[in-house]
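Biologist: I am new to this structure and would like a close look at a single part of it. Please take one strand of a sheet and describe what surrounds that strand.

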Amino acid sequence: MLKIEDLHAEIDGKPILKGLTLSVNAGEVHAIMGPNGAGKSTLGYVLGGRPGYEVTEGSVTFDGQDLLELEPHERAAAGVFLGFQYPVEIPGVSNVQFLRESLNAQRAGRGEKPLSGAEFLKLARSQADALGLDQEMLKRPVNVGFSGGEKKRNEMVQMGIIDPKFAILDETDSGLDIDALRIVGDGINRIMRQPTKAVLLITHYQRLLDYVKPDFVHVLADGRITRSGGAELAHQLEREGYAEIAA
Amino acid sequence: MSDAVLDLPSTREEAWRWADLGGLAAAAALAPIAAPEADFLDLPGAKLLFLDGKLDEARSDLHRVTLIELGGDEHALGRRATGTGWSLRLDAQAVTHPVQIVHVATGRENHLPSEIVLADDAAAEIVETFVGAGWQNRFTRTQLGKGARLMRSVRLLQPAGFVSLREAAQVGEAASLITVFLGAGGQGSRIDAQLTMAGEGAFVEYGGALLTSAEQKQECAVRVNHAQPNGASRQVWRAVAADRSAVSLAAAVEVARHAQKTDGEQSLRGLLLDRTATVNLKPELEIFADDVKCAHGATVGELDQRALFYMQSRGIPRTRAQAILTRAFVADALERIGDETVRKGFEADADAWLDAAL
């Protein structure tokens, strides 16, 4: 589904990714772990197409299509979802409006009919319920006044509504207490654990991986994947630290 | 009459420092165009259509509005608007249907005075729309009796030319004056207002959204004078400037020595859609009373790039994301329009502007 080859990327002329290669197939969950500053979030932003993140070498294909050629909104319409480490507050724009615009823009991009207001609300309510997000929060401005945990749940509600093919989840576990972690983990499994879908989980810690079991774990250090393994590698990292294993 | 443009104040005078006086002359010199469609909203009540400053009787329905001889005031622009104009006078406790006025210009210049006089506890709603090209100059004198209420919405939708509005209002005891402007055309504009809260406990809300693009210049110069105690005033202005355009907002609150318990609020915010655009903000407070609350905020910024990327990453194309964020930015200024038909109409005008500008 996703094929990254020898990816080099820089911010303001500073190289961050230095030859990253990774393949993700449908039905797989991959975890990317690594120390601070290794380039984990940069990888997420490069895949999402954030301005200022410049790819200098290498390629990324998604379902055989050159992902780097696409505008960020076209990547979304192609089925890529980026869950933000720090979801952005948007004063004056309600969650409902934001989500409906998002979903219908993607549907339009795929040549599908927009959902009506009633159809959309039904979908949004069911996803909010499944993730324990108060219905009232759907009416509030996007992420404004939300706690850290509410913002992350809101990301998952968005993912549930948009129903992407491939999700890149950047530290979705940060800022969550233990109950919220389980709810979010269940949400990821419910929405994304399907044979036609795949997930790239970017995380610092093992704890989310207790709920969302990865098929592969990769260690990202200094802009490259230095080691790959199965779920057991995450446990080993947790025990021994990155310094030992990344080297 | 165009020669008279020359006796306008100089931009060296503080109140006129950002004024586009050249824009007035250029608008007055615009070649005649065919009259565009008159755009009335779907509301009951009076409908007045002024074509180049003269009432088009066949397409108007005056209801309680009359035409009378009116003078201007001492203001440089206000004094030009004298002669036959429209008048809405309501007796005590009278309530009328909305009054809609469309000002159509086909080029050159036209000047029109008007007056709104509401006796005690009377209530009125007025919607004015400017379309066409040329220089349209208006003087409106408003007088509100005790407990009277006026809701006025004014939209400037001329594709070209200039609209200048001189407004003078006396707001009586416990009376309420709400005025919302939307500048969403291609014309230049200047709104000059002197609002006096002449009775105790008066309420004034005066503001709006000025949206500019290309080389356009729009501005307001508003003074709210709290002459009596216990008054509350709000000035909420939003400026959006694209390309090489400029919006200037000068809003002053004056509080007289004995006008205690005054509550004055000013919120002036500018949004630059391009780095070549300009927004000038000048909040001004002159407070002589000692027991008052006057909050003021003035900020200019750009669209939040993080919010734009966030929206794009959810599938919203960049220009649409810009439009959504810009609309959210001006929403505060338009939400005060009480009548839903009017508010929706104004919001649609703002949307149309955004579609064209982004």
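Modeller: What follows starts from one strand of chain A in this predicted model and then works outward through its surroundings.

The strand is S9 of chain A, residues 166-170. Is S9(A) enclosed or open? Of its 5 residues, 5 are buried, so the strand is largely enclosed by the rest of the structure. In a regular strand the side chains alternate between the two faces of the sheet. In S9(A), A:Phe166, A:Ile168 and A:Asp170 point one way, while A:Ala167 and A:Leu169 point the other way. Both sets are buried.

Next come the partners of the strand. Strands of a sheet pair through backbone hydrogen bonds, either parallel or antiparallel. S9(A) pairs with strand S6 of chain A, residues 80-83, in the parallel sense and over 4 bridges. Within this pairing, A:Phe166 is the bridge partner of A:Val80. S9(A) also pairs in the parallel sense with strand S10 of chain A, residues 198-203, here over 5 bridges. There, A:Leu169 has A:Leu201 as its bridge partner, and A:Asp170 stands opposite A:Ile202.

How does the chain relate S9(A) to S10(A)? The two strands form a right-handed β-α-β unit together with helix H7 of chain A, residues 178-192.

These strands belong to an open sheet of 6 strands in chain A, whose order is S6-S9-S10-S3-S11-S12 and whose pairing is mixed. Which strands stand at the edges of this sheet? They are S6 and strand S12 (224-229) of chain A; each has a single partner strand, so one side of each is left without a neighbour in the sheet. Averaged over the sheet and with direction ignored, neighbouring strands are turned by 20 degrees against each other. Helix H8 of chain A, residues 231-240, packs on the sheet. H8(A) touches strand S3 (29-33), strand S11 (216-221) and S12 of chain A, and its direction makes about 45 degrees with that of S11(A).

Before S9(A) in the sequence lies helix H6 of chain A, residues 148-162, which packs with helix H3 of chain A, residues 95-109. The angle between these helices is about 35 degrees, and their axes are 10 Å apart. Their crossing is right-handed. From H3(A), the contact takes A:Asn95, A:Leu99, A:Ser102, A:Leu103 and A:Gln106; from H6(A), it takes A:Asn154, A:Gln158, A:Ile161 and A:Ile162. By class, the residues of this contact are 4 nonpolar and 5 polar, with no charged residue.

The loop between strand S8 (141-142) and H6 of chain A holds A:Asn143. Most residues other than glycine have a negative phi, and most peptide bonds are trans. A:Asn143, although not a glycine, has a positive phi of about 65 degrees. A:Asn143 has 23 other C-beta atoms within 10 Å and is therefore buried.

The edge strand S6 leads to the other chain. S6 of chain A is one of the elements against which the buried residues of helix H2 of chain B pack. The others are helix H1 (40-48), helix H2 (72-78) and strand S7 (90-94) of chain A, together with H3 of chain B. H2(B) is mostly covered, with 7 of its 9 residues buried. The buried residues are B:Ala307, B:Leu308, B:Phe309, B:Tyr310, B:Met311, B:Gln312 and B:Ser313. Just after H2(B), B:Gly315 has a positive phi of about 110 degrees.

How many residues does each chain give to the contact between chain A and chain B? Chain B gives 16 residues and chain A gives 21. On the side of chain B that touches chain A, the elements giving two or more residues are helix H2 (305-313) and helix H3 (318-334) of chain B. That side has 9 nonpolar, 3 polar and 4 charged residues.

To return to the strand itself: S9(A) is largely enclosed, since 5 of its 5 residues are buried, and in the sheet order S9 stands between S6 and S10.

Key. Residues are numbered from 1 along each chain as its sequence is written. Chains are lettered from A and ligands numbered from 1 in the order in which they are written. This is a predicted model: local features need pLDDT of at least 70, side-chain atom pairs count only at pLDDT 80 or more; totals for chains, interfaces and linings use all residues. Axes are lines fitted to C-alpha atoms, for helices over the stretch in contact, and angles run from 0 to 180 degrees between N-to-C directions. A crossing is left-handed if the near helix is turned anticlockwise from the far one by less than a right angle, and right-handed if clockwise. Two residues are in contact if their C-beta atoms, placed from the backbone, lie within 7 Å. Ala, Val, Leu, Ile, Met, Phe, Trp, Tyr, Cys and Pro count as nonpolar, Asp, Glu, Lys and Arg as charged, and the others, Gly among them, as polar. A residue is buried if 20 or more other C-beta atoms lie within 10 Å of its own, exposed if 12 or fewer, and partly exposed in between; C-beta atoms are placed from the backbone. Two strands pair if DSSP finds at least two bridges between them. A crossover is right-handed if, with the strands pointing away from the viewer, the path from the first strand over the helix to the second runs clockwise.
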